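Here are a few exercises to work through with your viewer open. Try each task before reading its solution.

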Amino acid sequence: MPFWSTNFGEDATLKDPKRNFRFTVEFQGIQAEQGGALAWYAKSATKPSFTVENVEHSYLNHKFYYPGGVSWNTISVAMVDPVSPDVTATFADILTQSGYTPPTNANSLGTISKAKAAGALGTVIITQIDSDGKPIETWTLWNAFVKDVQLGELSYGDDELSTTTVELMYDWARVETANASSAIAGGGSSFFNS
């Protein structure tokens with residue numbers, strides 16, 4: 001039944017459609033005094049998305065296309081920098097724990113590795129929630145690591161809160177939904193499992 005066609009006051013089992021402002025973001029590698037892994041200071045987050053590559057085959061004056069590999073696109077998380085925890089210091093520390101060291105001398109031979117980078121950030125979980133705070137859709141990013149950090153912009157004419165935006169890469173993502181209501185016959189509630 002469509003969500004717009006019934007009187008919500010008469011049927012308490014009806015749910016709102018998914019709303020963009022109801023979400024949480026967790027970085028399992030961050031354990032802040034306030035909130036632990038939950039990034040309560042997150043302002044926005046893009047959900048995972050993917051692209052199916054294609055292979056083109058030409059025959060005479062015709063072109064035929066075949067599906068190829070799947071590429072997962074980066075996501076971005078914008079966060080207010082609340083001072084405690086200090087988002088700038090936190091992501092600088094994640095970069096250090098990933099294996100980065102400034103080239104201060106000839107013996108600085110360490111480099112970033114995928115294991116260190118994914119371990120420093122920890123598992124990333126984006127959850128879309130309902131009006132009761134219960135999960136509707138939970139995305140888990142596999143082997144996520146920091147690709148880009150934008151620490152904001154300062155301006156005397158701007159009294160907004162300082163914002164840090166982090167772009168993350170990952171190998172793939174798993175999504176779990178609250179119910180098995182896929183429009184595809186035989187669909188389930190957990191997708192992209194290995």
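**Exercise 1: Glu 137 and its partners**

Glu 137 is buried, with a relative accessible area of 7%. This and every other value here comes from a predicted model.

Task: find which side chains form salt bridges with Glu 137, and place each one in the chain.

Solution:
- Step 1. Start with Lys 18, whose side chain meets that of Glu 137 in a salt bridge at 2.4 Å, N to O. This pair joins distant parts of the chain, 119 residues apart: Glu 137 lies in strand 7 and Lys 18 in the segment before strand 1.
- Step 2. Turn to Lys 47, which also forms a salt bridge with Glu 137, the closest N and O atoms being 2.7 Å apart. Here the separation is 90 residues, with Lys 47 in the loop between strand 2 (42-45) and strand 3 (50-59).
- Step 3. Check accessibility: buried means under 20% and exposed over 50%, so Lys 18 at 42% counts as partly exposed. Lys 47, at 38%, is partly exposed by that rule.
- Step 4. Put the pieces together: Lys 18, Lys 47 and Glu 137 are linked in a network of salt bridges.

**Exercise 2: the nonpolar core**

Task: identify which residues touch the most other members of the largest nonpolar core, then list the contacts of Phe 91.

Solution:
- Step 1. The core has 25 residues, and Phe 27, Met 79, Phe 91 and Leu 121 touch the most other members. Elements that each supply at least two core residues include helix 1 (87-97) and helix 2 (114-121).
- Step 2. Leaving out residues up to four places away in sequence, Phe 91 touches Phe 27, Ile 30, Met 79, Leu 121, Val 146, Val 149 and Val 166.

Terms used
Residues are numbered from 1 along each chain as its sequence is written. This is a predicted model: local features need pLDDT of at least 70, side-chain atom pairs count only at pLDDT 80 or more; totals for chains, interfaces and linings use all residues. Side-chain values use heavy atoms; hydrogens and water are left out. A nonpolar core is a set of buried Ala, Val, Leu, Ile, Met, Phe, Trp, Tyr and Cys residues joined through side-chain atoms within 4.5 Å. Buried means under 20% relative accessible area, exposed over 50%, partly exposed in between (1.4 Å probe, protein chains only). Helices (H or I, at least four residues) and strands (E, at least two) are DSSP runs, numbered from the N terminus. Contact means heavy atoms within 4.5 Å. A salt bridge is a side-chain nitrogen of Lys or Arg within 4 Å of a carboxyl oxygen of Asp or Glu.
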